[in-house]
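These are my notebook entries on a structure that I opened today. I set down each item as I looked it up.

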Amino acid sequence: MEKFIDYILQFDNLNSQQLDFIKSKAREIELHKDEFFWEAGKTVKQIGFLTDGIIRVFYYNNKGEEITRYFIDEKHLILSGNTIDEIYMPSEYLSAITDCKLVVFSRQDWKEISQTIINWDHIIQKIITKHHSEKIVRRSELVSQDGTERYLDFIQKFPTLVNRVPLSYIASYLGITQSSLSRIRKNIR
């Protein structure tokens, strides 16, 4: 819980009553490797903050192949939809790559926090903007790079993920085959 509170406080100040209220609405859960946090086509019922572990965001293409869109690592908020009132059914899956620990809030509790803490929505908007900018930078560079450059960039940007994520997922994220990734890794050693 403290990791979540420390993270939120980077974006604005909250008093002890506000922090206690947030803590009263949160619960901590564990997600084991290969368990889903969200599944495509199923209504999302909770908001999460990843304190430990890695979650993979993926979908199935029209050929039935799994395509990794990105990875969520520690200190990332997992929100649903554009507003808390919107019923959100994702088209992607969020699955634990490693055992994970999350701080989670029901949609109703999240809404109550928003209605009670005046600057809550402002804090969350700052977080969303930060995450969105990071995602755009990560994905846009992949378009203009060859496989080797993508992998080297991945290592530089995600040094903590390289040894914790299966190569097949990294290859999918980079848009290359697993055998190509193996050759690239062999050539850069």
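Leaving aside its neighbours within four places in sequence, with which residues is Ser172 in contact? I worked on a predicted model and found contacts of Ser172 with Glu66, Ile67 and Thr68. I located Ser172 in helix H6, residues 167-174. Its relative accessible area is 17%, so I entered Ser172 as buried. I also noted that the side chain of Ser172 reaches the backbone nitrogen of Thr68 at 2.7 Å.

I turned next to helix H2, residues 16-25, where Leu19, Ile22 and Lys25 are buried. These residues lie on the same side of H2, because they cover an arc of only 125° around the axis. On the face turned away from that buried side I listed the exposed residues Ser16, Gln17 and Ser24. At the start of H2, I found a side-chain oxygen of Asn15 within 3.0 Å of the backbone nitrogen of Gln17.

I then searched the whole structure for aromatic pairs and obtained 18. I recorded one of them, Phe4 with Phe105, as tilted, because the ring centres are 5.3 Å apart and the planes stand at 55°. This pair links distant parts of the chain, with Phe4 in helix H1 and Phe105 in strand E8, 101 residues apart. Phe4 is buried at 0% relative accessibility, and Phe105 is buried at 1%. I found both rings in a cluster linked by ring pairs, together with Tyr7, Phe11, Phe49, Trp110 and Trp120.

Last, I looked up Arg56. Its charged end sits over the ring of Phe58, 3.9 Å from the centre. Arg56 also lies over the face of Tyr169, at 3.7 Å from the ring centre.

Methods
Residues are numbered from 1 along each chain as its sequence is written. This is a predicted model: local features need pLDDT of at least 70, side-chain atom pairs count only at pLDDT 80 or more; totals for chains, interfaces and linings use all residues. Side-chain values use heavy atoms; hydrogens and water are left out. Helices (H or I, at least four residues) and strands (E, at least two) are DSSP runs, numbered from the N terminus. Buried means under 20% relative accessible area, exposed over 50%, partly exposed in between (1.4 Å probe, protein chains only). A polar contact is a pair of N or O atoms within 3.5 Å; within protein, one must be able to donate a hydrogen and the other to accept it, and residues adjacent in sequence count only if both atoms are side-chain atoms. Contact means heavy atoms within 4.5 Å. The arc is that of the directions from the helix axis to the C-beta atoms. Rings of Phe, Tyr and Trp (its six-membered ring) pair if their centres lie within 6.5 Å; planes under 30 degrees apart count as stacked, over 60 as edge-to-face and the rest as tilted. A charge sits over a ring if NZ of Lys or CZ of Arg is within 6 Å of the ring centre and within 35 degrees of the ring normal.
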